[in-house]
Amino acid sequence: MDAIDRRIIAALQENGRQKLGELADSVGLSPTPCARRITALEEAGVITGYGARVDQAKLGLPVTVFISVELESQMGEAVTKFERAVSRMDEVMECHLMSGNRDILLRVAVADLTAFDRFMEEKLMRVDGIARMRSSFTLRTMVKRNVMPMG
């Protein structure tokens, strides 16, 4: 990736809906070479997709919960089974394999405490191989970035 590719990525992160001509002008290219670079970045897996950013609360999911999970075993198959199970749970927005004293960190979005309780009892607590869980509720998001640093 060169400086122009980085400018293309930065511009698309800021506004993924801009027209090709506008994007090309902003990065100092004509539309055809700009389109070729975008295609190359997509094929290389640098650009992984396009989508709308939405307001979680306005969708009726104002509660964010981080759940630390310790597994009974950290063997590959146990982690894979857990990953498969939580990937089918719509409430799970992110699932991270962690270092340190917790194995997994989940970010969950729900409507309210009742919905969280239902998620825990009907879904997460039914996953085999969990030794311990600890939940922390977000009071307020202080920093949230949707743009990766390009420095």
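## Salt bridges, a pocket and a surface patch

Let's begin with Arg 37, which counts as partly exposed at 23% relative accessibility. Keep in mind as you look around that this is a predicted model. The side chain of Arg 37 meets that of Asp 2 in a salt bridge, with 2.9 Å from N to O. Arg 37 sits in helix H3 and Asp 2 in the segment before H1, so this pair ties together parts that are 35 residues apart in sequence. Asp 2 is partly exposed too, at 34% relative accessibility.

In general, side chains of opposite charge can pair when their charged atoms come close. This structure holds seven salt bridges, so let's visit a couple more.

Next up are Arg 132 and Glu 70, whose side chains meet in a salt bridge at 3.4 Å, N to O. Arg 132 lies in strand S4 (residues 130-137) and Glu 70 in strand S1, so here the tie is between parts 62 residues apart in sequence. How covered are the two partners? Arg 132, at 43% relative accessibility, counts as partly exposed. Glu 70 comes in at 18%, and buried means under 20%, so Glu 70 counts as buried.

Then there's Arg 107, which forms a salt bridge with Glu 94, the closest N and O atoms being 2.8 Å apart. Arg 107 is in strand S3 and Glu 94 in strand S2, 13 residues apart. In this pair Arg 107 is the buried partner, at 18% relative accessibility, while Glu 94 is partly exposed at 32%. Going back to Arg 37, salt bridges that share partners join Asp 2, Asp 5 and Arg 37 into one network.

Now for the largest pocket, which has a volume of about 1,400 Å³. Its lining is made up of 38 residues, and nearest the centre you'll find Ala 52, Arg 53, Val 54, Lys 144 and Asn 146. Helix H1 (3-14), S1, strand S2 (92-97) and strand S3 (104-110) each supply at least two lining residues, with H1 giving the most, at four. By type, the lining splits into 19 nonpolar, eleven polar and eight charged residues.

Val 54 turns up again on the surface, where Val 54, Leu 59 and Leu 61 form a nonpolar patch with about 270 Å² of accessible area together. Leu 59 belongs to the loop between helix H3 (31-43) and strand S1 (63-71), and is exposed at 57% relative accessible area.

Last stop: Glu 14, in helix H1. Glu 14 is exposed, with a relative accessible area of 58%. From the C-alpha of Glu 14 to that of Ala 115 is 33 Å, with their positions 101 residues apart along the chain.

Methods
Residues numbered from 1 in each chain as written. Predicted model: local features only at pLDDT ≥ 70, side-chain atom pairs only at ≥ 80, totals over all residues. Heavy atoms only, no water. Patch = residues over 30% accessible without salt bridge, like charges linked within 9 Å, V, L, I, M, F, W, Y side chains within 5 Å. Areas by Shrake-Rupley, 256 points an atom, 1.4 Å probe, with all protein chains shown as cover. Salt bridge = Lys/Arg side-chain N within 4 Å of Asp/Glu carboxyl O. Buried < 20%, exposed > 50% of the residue type's maximum accessible area, 1.4 Å probe, protein only. 1 Å grid on protein atoms, 1.4 Å probe; cavity = no way out; pocket = protein on both sides within 12 Å on 5 of 7 lines; lining within 4 Å. Points joined across faces, edges and corners; volume = space filled by probe spheres on them. Nonpolar A, V, L, I, M, F, W, Y, C, P; charged D, E, K, R; others polar.
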